[in-house]
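Hi everyone, thanks for having me. Please bring up the structure on your screens, and we'll walk through it together.

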Amino acid sequence: MKRWWLEMSKGFLLVLSGPSGVGKGTVCEALLKKRKDLVLSISATTRYKRLGEIDGESYFFYTEEDFGRMVENGEFLEHATVHEHKYGTPKKFVMDNVKKGEVVILEIDVQGAMQVKKEFDEAVFVMLLPPNMMELRNRIENRQTESEADINLRMKNALKELDFVTDYDYFVVNETVDKAVSDIDAIIEAEKHRVKRFKYVKEKVLGGKYV
Ligand code: 5GP
C-alpha cells in the first residue's frame, strides 16, 4: 500500500547533543542501522585524528587555515569552538537532504545547537544525558583517547553543557544503548507525524475516495 503520509512529510533536522563521553556516537550508529530514513551530517573539525578515525567518515579533518576559509565563504550551517578545537556543520549536505525529505542528524554541541535553533524552527532538539557524572568520567577514561588534562576539561565542559537541557525539546538518558536508541526512535516517529510537517494532510484525507 502506498504510504502517502511518509512520502509527503517534510525533512527536518534532528540535533543530538550531550557531554563528551555520553555515547552520542554509539547511539547514533545504532540508530542509523535501525532506521533507514535517517542521514548523518559529517562535521568538519580542526581536532587531531584519533586512532581508528577515518577522514570523511568520522569527521572531515581540516587545518585551521582551511576551516577559516570555509567560515569566510559561509559554508557552515553553524560552527563553534569546543574543547579548544573548531567544529562545524557543512551546510550544503544538510540542506540538500532536508529538501529531499530526509531526517538529518546533527551530532553537535550546545553552542552549535543554539545557532541552529535561531534559524530552523522545525528542527528537533534532543539532549543525551549520562546516568550520573561518575559514570560519565568512567566512560571518558575507559576510551583511553584523552590525556588527564583533556578529561578534566571535558568534565568541566560537561557541567556547562548540561545546563542547556531546558533549551532542548527532549532528554534521553543513556543508561543502555538499546533503551536510548528506542527512545530516540520513538521521538523521530512522533515528530514525523506532526501535522505541521505536512502540506496537504487535510486535503489528502478529505479528498480521498472514502468520503
Ligand atoms: P569529539 O572531539 O569528542 O568528537 O567532539 C567534541 C564535541 O564536539 C562533542 O560535543 C560534539 O558533539 C561536538 N561537535 C562535533 N561536531 C560538531 C559540529 O559540527 N558543530 C558543533 N557545534 N559541535 C560539534
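Let me start with a word I'll be using a lot: two residues are in contact, or touch, when they have heavy atoms within 4.5 Å. Keep in mind, too, that this is a predicted model.

Now, let's try that word out on Glu191, which lies in helix α8. Which residues does Glu191 touch, leaving out those up to four places away in sequence? They are Phe12, Val124, Tyr170 and Arg197. With Tyr170 there is also a polar contact, side chain to side chain, at 2.8 Å. Is Glu191 buried or exposed? Buried means under 20% relative accessible area, and Glu191 has 3% relative accessibility, so it counts as buried.

Let's step back to the helix itself. Helix α8 runs over residues 177-192, which makes 16 residues. At 1.5 Å a residue we expect a span of 22 Å, and the C-alpha atoms at its ends are indeed 22 Å apart, so the two agree. Glu191 has buried company in α8: Ala180, Val181, Ile184, Asp185, Ile187, Ile188 and Lys192 are buried as well. Together the buried residues cover an arc of only 160° around the axis, which means they sit on the same side of α8. Here is a handy rule for that: an α-helix has 3.6 residues a turn, so residues three or four places apart point the same way.

Next, the inside of the protein. The largest nonpolar core has 24 residues, and those touching the most other members are Leu14, Leu31, Val126, Leu128, Val172 and Ile184. Which elements give two or more residues to this core? They are β1, α2, β7, β8, α6, α7 and our friend α8. The largest share, 5 residues, comes from α8. There is also a second, separate core of 19 residues, including Leu13, Val116, Met127 and Leu162.

Take a look at Leu128 while you're there. Beyond its sequence neighbours up to four places away, Leu128 touches a long list of residues, among them Leu16, Pro19, Val27, Val172 and Ala180.

Last stop, the ligand. There are 17 residues around the ligand, and Ser43, Arg47, Tyr59, Tyr87 and Asp109 come nearest. A ligand nitrogen is 2.7 Å from an N or O atom in the side chain of Asp109. For the side chain of Glu78, a nitrogen atom of the ligand is again 2.7 Å from an N or O atom. On the oxygen side, a ligand oxygen lies 3.4 Å from an N or O atom in the side chain of Thr89.

That's my tour, thank you!

Technical notes
Residues numbered from 1 in each chain as written. Predicted model: local features only at pLDDT ≥ 70, side-chain atom pairs only at ≥ 80, totals over all residues. Heavy atoms only, no water. Helix = DSSP H or I, 4+ residues; strand = E, 2+ residues; numbered from the N terminus. Expected span 1.5 Å × (residues − 1). Buried < 20%, exposed > 50% of the residue type's maximum accessible area, 1.4 Å probe, protein only. Arc of directions from axis to C-beta. Core = buried A, V, L, I, M, F, W, Y, C linked by side-chain atoms within 4.5 Å. Polar contact = N/O pair within 3.5 Å; in protein donor to acceptor, adjacent residues only side chain to side chain. Near = heavy atom within 4 Å.
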